[in-house]
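Let's take a walk through this protein together. Please have the structure open as you read.

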Amino acid sequence: MEHSKEDQAKSEDQKINKAQDPNPRFASEGCSVLLDVNDGDRLVFARLSGGAIFKIGNTNYSLKPLIGAPFGSLFQVETGEDGSFLSRILPVKKESTSVNVVDDDARDNRELIDDNESQNLTCEEIEAMRREGAKGDEIIEALIANSKTFDKKFQLSQEKYKLKKQKKYAPKVLLRRPFARRFIRVDALSLLLTMANVTAYSDVLVVDMVGGLVTGAVAERLGGTGYVCNTYKGDSPSSVDMVKMFNFTDKIRERIVHSSINELSSAKTAPPEENNQQDSSASDMVEDVSVTAEARVDDIAVRESKITKAPQPGAKASKEAVEMWKENGFSSLIMAAQDQDPWTLAKDVLPLLSYSAPFAIYHQYLQPLATCMHNLQQGKMAINLQITEPWLREYQVLPSRTHPHMQMSSFGGYVLSGIRISTT
């Protein structure tokens, strides 16, 4: 009878957890999103809620229409009876117009004069259209119809004209998953995960001093299996606030822990008496919880919402986990501490790994990694040492206009990788 009650309680907990875990393909209330305004002109992080607002130009717009929409949805500013709002639109495929190719070759902008007299539509008439509830696309069509020089422009100039008016009268917002490119470039981050062999059921040791970007990337790849332990020197851990923007489930959050280098290096087994006291106190807590649960069955939904709080990412590692890592070691290591000397950290952190465990160290400069590599070779602490410089080039892909971006990152730092070996 007791087992049936326990099984029933477990099944209810699983149902509640499944209900609390949102679909990762859709933007739910409370999750972090990235708002892409007008195809990259402005990128803004936001947290969705019924009362959240977003400012475009001089107007505030509610983010409530974005709740429940799949990531990748496109929204456009429209005007209704209650004012301007964000409305979801579906992208329309443009039909290829190969008939006008010959005419485009004969047109150019040499005869066009920018004297502010080519537009017959006045500002008062445009504002009147807005008050009447005209959509942004309708205003753009009216501007094109009343332009004296639009038909004389070649096709590329016409597209630029439409895009300029669309950004002004019909701004669009693309709902995207959050991503960070401030501290480490995307190819360098991918190289770190690959060199460290981050796979499921791994226990990854991380020295993250880039706001939690590496910690979140490792936790995302683990998918709720294994552990990612953020270690540090001193008494206070490094900030991992960026992990909150990954919209992790509770299962993944509870796998993100932290522990100092001193604790991992000097972990000792607790005496048997203390273990017995901990076991007895844990059993008393279980009995108390079970009694209160049976006594208040009617209020189980309310109690569950109060008791089962979402675990915060970056909680302190348990003593059992620390003892396990002390005995077995970590399966891999990733270091991203741009303001610290790599060798100073590596000589303290590498002994925490198991033998034959891979590691990857990121730094924005080459010389500190070269010094660290030399010291590792002299101390015979690692093999297969190599320094890699990631290389990335972004391209604009458009018909007859495919070329590298005019502005892009030219430097992605360096990565030192290797495999830890026994020094004895």
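We will go from a buried histidine to a cavity, and then to the nonpolar cores.

This is a predicted model, in which local features need pLDDT of at least 70 and side-chain atom pairs count only at pLDDT 80 or more, while totals for chains, interfaces and linings use all residues. Residues are numbered from 1 along each chain as its sequence is written, and side-chain values use heavy atoms, with hydrogens and water left out.

Start at His-363, which lies in strand 13 (residues 358-363); strands are DSSP E runs of at least two residues and helices are H or I runs of at least four, numbered from the N terminus. His-363 counts as buried because its relative accessibility is 4%, where buried means under 20% relative accessible area, exposed over 50% and partly exposed in between, with a 1.4 Å probe and protein chains only. A polar atom of the His-363 side chain lies 3.1 Å from the backbone nitrogen of Tyr-365. Leaving aside neighbours within four places in sequence, the contacts of His-363 (heavy atoms within 4.5 Å) include Ala-337, Gln-340 and Pro-342.

His-363 also helps to line the second largest cavity, along with residues including Met-335, Asp-341 and Ile-361. Strand 13 gives the largest share of that lining, three residues, and strand 12 (332-336) and helix 13 (342-349) each supply at least two.

Finally, look at Phe-359 and Leu-376: of the 33 residues in the largest nonpolar core, they touch the most other members. Such a core is a set of buried Ala, Val, Leu, Ile, Met, Phe, Trp, Tyr and Cys residues joined through side-chain atoms within 4.5 Å. A second, separate core of 29 residues includes Leu-213 and Met-242.

Notes:
A polar contact is a pair of N or O atoms within 3.5 Å; within protein, one must be able to donate a hydrogen and the other to accept it, and residues adjacent in sequence count only if both atoms are side-chain atoms. On a 1 Å grid over the protein atoms alone, a cavity is a set of points where a 1.4 Å probe fits but cannot get out, and a pocket is an open set with protein on both sides within 12 Å along at least five of seven lines; lining residues have an atom within 4 Å of a point.
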